[in-house]
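Student: I'd like to go through this one with you and hear the reasoning behind each label. Can we take it step by step?

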Amino acid sequence: MSKEGSKKILAVPSVRRGNGSGHLHRMLHLAAKYPRRVSLFLDRNGELSPGPTINLKPYEEFIRSEIDFRRLKEESWSYILLDQRQTPLSLFARLRELIPHTPVAAVDEGGKFRKHFEYLIDTLPSLRRQECNLFNPDLNPRPLRRRLYLDCPERFEKILISFGGEDPRGLTLQTLAVVRSIPFLSRSAVTVAAGPAFGDLRLPPGIKVLYAPENLREHLSDYDCLITSYGLTALEALAAGTPVISVNPSRYHSRLAKKTGLLVCGTGKPDAGSLKKALENPRKLIGRCALAEESLKSGTEESLSPVDLSPAPASCPGCGKRKGNAVGRFPERTFYRCPSCGLVYQQRWVPDTTVYNHSYFFDEYKQQYGKSYLDDFGHIRSMGRARLKNIHTRKPDPTLLDVGCAYGPFLEAAREAGFRIEGLEPSKEAARWAAEHLDCKVSAMGLDEFVRKNPQKKWDAVTLWYVIEHFPDLESALLQLAGMVKPGGVLALGTPNCAGISARRNLKNFLAASPSDHYTILSPKSVKTLLRQKGFRVEKIRIPVLHRERFPVLLRFLWSCTGRLGRLLRLGDTFEVYARRIDKKGKDTSREE
Ligand SMILES: [Zn+2]
């Protein structure tokens, strides 16, 4: 899939007063790198706008396309990427109104809506270990011009003071006054970076000014030392090999600076004593900054970037209601529990690429269970015999369709039990093998195509063993299945259990281990709700003890104990459902076979 060919990402950086220009720079950088994939929306002119706050003139050429908010509706967006620090409710509500159902990701979000966003990207170390989908410091543009800390001079000859695009606390002039009062720096060159929103800076003679530097990060390695607040520029300087001293506008910033390993010389205003001490001893500061830079580099093994993301909508695939809060966040997906039907489901942010082919049944199955699907045929057939004891069709010579029948072990057991069998299997190889081996009809296609080709056909029993979790649209699959079961007939399925012992012990680990092609994770409770809505009555829930013989002897004993206990408490990691289609007299007009 070409990144450039995908739907566009609507990046919405903050341009509000007090938020600095880092958010804007970051999104400009992303848009400039992927101009056909990323569009920028700045809420400075439209109804959303609290008024223009930052002079954007120097950056105008970097804004590839500033979307008029009325045109937002006309385009189909992949997702909204908020870079707002703390997203205001008014902005979020307006975007929701204009482009509803568009997934939302947020970068370094610190606001109270954080947990409501579908996808969270953090680029900076946080104070609390907040859950995010992706930690990716690489989203922050890194300077191309760098030097080694070893090359830093023994005396700071060139000092840069930079407090962002706005410097709302006026730290620039206060810090400059302290630096100028230090006698041993009298011959050092001091430069002040004046942000676009600074207005008139009355500076003493001899002070150099970088006015609204477009690309400050590429200048950082020219200086022996940077005095700044905790933020992107500080981290860029560390990457550029320039020692950093932090003077911060708030305690929050100072705590973050310390956590990153930066020296803090003042909160709210510069602290003259510690600033002087730090500037007096360059070696110590250089060592500290080199260490901080090293620690920032580690733990950045994630390689996903915002342009790699292409999310699916996040409404519940079981009942269609809007999503609840996230219960698990991972780089490729977010899990939710539906507040309405209780279903746990994944919203994929990177599309799944599982193909149900030879390798799926042989290599991947072997990886998971230690043998190939065909080697396991006899075992699966014997499990099928146990399952068939729960399928009572009340009809002589009953028909049975096994959906996702693979190589047909359950079909073989069903024939032994007296059913007229038929299979449906998307893998052509498995379908052909099963048809030849069992001498029965096996359609090699997906459920949608099968229903299209057999719109009226119904069976006394329709079964799905570890298949239902593979349908991205569970509701439509259940409706199709409901239409395939004769009134009074049985729908039977087995699936992983989201209320089982593993999920209860550690939901996050359970979700992390859930295969990428399991779109929904049912529980006995949610399956009852969903099947009732589709015209079924659940007659039996069976919690099987699976895979026991795959464990060593001692573990098997323990397993049988926990298994029995689990069954008693309904805590198995998988479960089976046997449901009967309720015969509504007069309502079902389909023909009986
Ligand atoms: Zn639901």
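Student: Which residue stands opposite leucine 10 in E2?
Tutor: That's serine 39. A quick note: residues are numbered from 1 along each chain as its sequence is written. And this is a predicted model, so local features need pLDDT of at least 70, side-chain atom pairs count only at pLDDT 80 or more, and totals for chains, interfaces and linings use all residues.

Student: What makes E1 and E2 a pair?
Tutor: Two strands pair if DSSP finds at least two bridges between them. Strand E1 (residues 8-13) and E2 have three bridges, in the parallel sense, so they pass. The names come from DSSP runs numbered from the N terminus: helices are H or I runs of at least four residues, strands are E runs of at least two.

Student: Where do E1 and E2 sit in their sheet?
Tutor: The sheet is open, has six strands with parallel pairing, and its order is E2-E1-E3-E4-E5-E6. Strand E2 (38-40) and E6 are called edge strands because each pairs on one side only, going by that pairing rule.

Student: What lies across E1, E2 and strand E3 (77-83)?
Tutor: Helix H1 (residues 22-33) does, running at about 160 degrees to E1. Such angles run from 0 to 180 degrees between N-to-C directions, with axes as lines fitted to C-alpha atoms (for helices, over the stretch in contact).

Student: What is the strand order of the sheet that has E9 in it?
Tutor: E9-E8-E7-E10-E11-E12, an open sheet of six strands with parallel pairing. Its edge strands are strand E9 (208-211) and strand E12 (263-267). From one strand to the next, the twist averages 20 degrees.

Student: How do you know that E7 and E8 pair?
Tutor: Strand E7 (residues 158-162) is joined to E8 by five bridges, and the two run parallel. One bridge has isoleucine 159 partnered with valine 190 in E8. Going from E7 to E8, the chain passes through helix H3 (residues 171-180), and this β-α-β crossover is right-handed. That word applies if, with the strands pointing away from the viewer, the path from the first strand over the helix to the second runs clockwise.

Student: And what joins E8 to E9?
Tutor: Strand E8 (residues 189-194) is linked to E9 by four bridges, again in the parallel sense. There, alanine 193 faces leucine 210 in E9.

Student: Why are H9 and H10 called oblique to each other?
Tutor: The axes of helix H9 (residues 377-388) and helix H10 (residues 409-416) cross at roughly 45 degrees and come within 8 Å. Under 35 degrees counts as roughly parallel, over 145 as roughly antiparallel, 65 to 115 as roughly perpendicular, and the rest as oblique. The H9 and H10 angle falls in the rest, so they are oblique. Their crossing is right-handed: the near helix is turned clockwise from the far one by less than a right angle, where anticlockwise would be left-handed.

Student: Why are H4 and H7 called roughly perpendicular?
Tutor: Helix H4 (residues 232-240) and helix H7 (residues 282-297) pack at about 100 degrees, with axes 9 Å apart. That angle lands in the perpendicular range, so the label fits. Leu235, Leu238 and Ala239 in H4 meet residues of H7 including Cys289 and Leu296; contact needs C-beta atoms, placed from the backbone, within 7 Å.

Student: What makes H10 largely enclosed by the rest of the structure?
Tutor: Six of its eight residues are buried, so the phrase is earned. Buried means 20 or more other C-beta atoms within 10 Å of the residue's own, exposed means 12 or fewer, and partly exposed is in between (C-beta atoms are placed from the backbone). The buried ones in H10 are Pro409, Phe410, Leu411, Glu412, Ala413 and Ala414. Their cover includes H9, E16, strand E17 (420-424), helix H11 (428-438) and E19.

Student: Why does proline 137 count as partly exposed?
Tutor: Proline 137 has 17 C-beta neighbours inside 10 Å, so it falls between the two cut-offs. This proline 137 lies in the loop between strand E6 (134-135) and E7. The C-alpha atoms of proline 137 and leucine 124 are 6.3 Å apart, though 13 residues separate them along the chain.

Student: How much of the whole protein is buried?
Tutor: Buried residues make up 42% of the 593 residues. The protein has 17 helices and 23 strands.

How values were computed: Contact = placed C-beta atoms within 7 Å.
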